[in-house]
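I opened the model today to look at its helices and how they sit together. My notes are below the picture.

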Amino acid sequence: MILIVAFYAVASVIAYLTYAVDKKAAINRRRRVSEKTLHLLGVLGGWPGALLAQRRLRHKTQKTMFQCVFWLTAGINVACLVGLLSSPLLSSLYSG
């Protein structure tokens, strides 16, 4: 379980930093991070950090389609996590 928490923490920090880089690029009118990359980070477990970045940095909060896809990726990630946590394979690792 600690590995899962650590994974989410690392993924969230990476997502937060990526959102911060994209926000700074937007302000300075430079090359941006693609939305696909931001969504990929979310679906891979970085969505808590991405959500925090959206709120604190006020970034990507007004784009309705982005928000719809963001929440879809977060839901997919949570569903995968629930599946993993309820997997007999995972419980056999701990009872081993």
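These entries go through a helix pair, one lysine and a third helix.

Before anything else: this is a predicted model, where local features need pLDDT of at least 70, side-chain atom pairs count only at pLDDT 80 or more, and totals for chains, interfaces and linings use all residues. Residues are numbered from 1 along each chain as its sequence is written, and side-chain values use heavy atoms, with hydrogens and water left out.

**Entry 1, H1 and H2.** I looked up helix H1 (residues 2-27) against helix H2 (residues 35-57); their axes come within 7 Å and cross at roughly 60°. Helices here are DSSP runs (H or I, at least four residues), numbered from the N terminus. Axes are lines fitted to C-alpha atoms over the stretch in contact, and angles run from 0 to 180 degrees between N-to-C directions. H1 and H2 are therefore oblique to each other (not under 35 degrees, not over 145 and not 65 to 115). I then sorted the residues of this contact: 17 are nonpolar, six polar and three charged (Asp, Glu, Lys and Arg count as charged; Ala, Val, Leu, Ile, Met, Phe, Trp, Tyr, Cys and Pro as nonpolar; the others, Gly among them, as polar).

**Entry 2, Lys23.** I found Lys23 in helix H1. Lys23 counts as partly exposed because its relative accessibility is 23% (buried is under 20%, exposed over 50%, partly exposed in between; 1.4 Å probe, protein chains only). Its C-alpha atom is separated by 9.6 Å from that of Ala53, 30 residues apart along the chain.

**Entry 3, H3.** I checked which residues of H3 are buried: Phe66, Gln67, Phe70, Thr73, Ala74 and Asn77. Thr64, Met65 and Leu72 are exposed on the other side of H3.
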